[in-house]
Amino acid sequence: MVINKDLLQTRKKISDKRPKFVRQESWRYDRLAPNWRKPRGKDNKMRLQVSGVPRLVKIGCRGPRVARGLHPSGYTEVMVFNKNDLSRVDPNKDAIRVGRTVGRRKREIILAEASKMKIKVLNPQTRSAEKIEEAEKIEEAEKIEEAEKIEEAEKIEEAEKIEEAEEAEVVEQEADDTVQEADDTVQEADDTVQEADDTEQDAKSKSKKAN
């Protein structure tokens, strides 16, 4: 939401007409930044306002007093460092900016109180908070990935156990079949011996009858 639109438009109109003030000979030497510096040399051409050199900063180049210092949203910016500072803020025309030295816990308290008072916050989430949130997301993703790896390892281990159990069951069945075959062989041998005994017994009986 933007307020004081007429003041912002007036300020912008004046700002568009304002010339760009540069440091003398910043266009000549790379080591000099274009940031404005007041010329102080005795024979400085910019100080003497010789024709053809950039203009000097003068008081008439300022913006309108009523719009001076306004945030681009139209609010007056107020720095806040604790909860008590909110008492001097007018929600209709002021917006707060939480100081960069404020800790996370106190920042949360300030933001909660500002939300109750319906005060606009210009920096509701700082870069440090974004880094903390990003780190928490990365940590959570790593935990999920680790849990998935553990679950996958457990599934592989369970599958191996099932496979080993099936192999053991097959081996046991083969052993039972072998034992059964051995029992059958023994039984057949016993039957053969029994038949031989019966045959011998019959032969003896016939010989006795013949005598």
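1. A good place to start is helix α2, where the buried residues are R107, I110 and A114. Around the helix axis they cover an arc of only 65°, which puts them on the same side of α2. Please keep in mind throughout that this is a predicted model.

2. What does that buried side pack against? The buried residues of α2 pack against three strands: β1 (76-80), β2 (94-98) and β3 (120-121). On the face turned away from the buried side, α2 carries the exposed residues R105, S115 and K116. So you can look at the helix from either side: R107, I110 and A114 are its buried residues, while R105, S115 and K116 are exposed on the face turned away from them.

3. R107 deserves a closer look. This arginine lies in α2, which runs over residues 104-117. R107 is buried yet has no salt bridge. The nearest side chain of opposite charge belongs to E108, and that is 8.5 Å away, whereas a salt bridge would need the charged atoms within 4 Å. What does the side chain of R107 have beside it instead? One of its polar atoms lies 3.4 Å from the backbone oxygen of N123.

4. The length of α2 is worth checking too. Its 14 residues, at 1.5 Å a residue, should span 20 Å, and the C-alpha atoms at its ends are 20 Å apart, which agrees.

5. Just after α2 comes K118, with a positive phi of about 60°, although K118 is not a glycine. You will find this lysine in the loop between α2 and β3. Is K118 buried or exposed? Its relative accessibility is 72%, so K118 counts as exposed, the cut-off for that being over 50%.

6. Q49 is another residue to inspect for its backbone. Its phi is near 55°, a positive value in a residue other than glycine. Q49 sits in the loop between α1 and β1. With a relative accessibility of 47%, Q49 counts as partly exposed.

7. Finally, a word on helix α1, residues 5-17. At 1.5 Å a residue, its 13 residues should span 18 Å, and its end C-alpha atoms are 19 Å apart, which agrees. How many of the residues of α1 are buried? The number is 1 out of 13, so α1 lies largely in the open.

Terms used:
Residues numbered from 1 in each chain as written. Predicted model: local features only at pLDDT ≥ 70, side-chain atom pairs only at ≥ 80, totals over all residues. Heavy atoms only, no water. Helix = DSSP H or I, 4+ residues; strand = E, 2+ residues; numbered from the N terminus. Buried < 20%, exposed > 50% of the residue type's maximum accessible area, 1.4 Å probe, protein only. Lys, Arg positive; Asp, Glu negative; His and termini not counted. Polar contact = N/O pair within 3.5 Å; in protein donor to acceptor, adjacent residues only side chain to side chain. Expected span 1.5 Å × (residues − 1). Arc of directions from axis to C-beta. Contact = heavy atoms within 4.5 Å.
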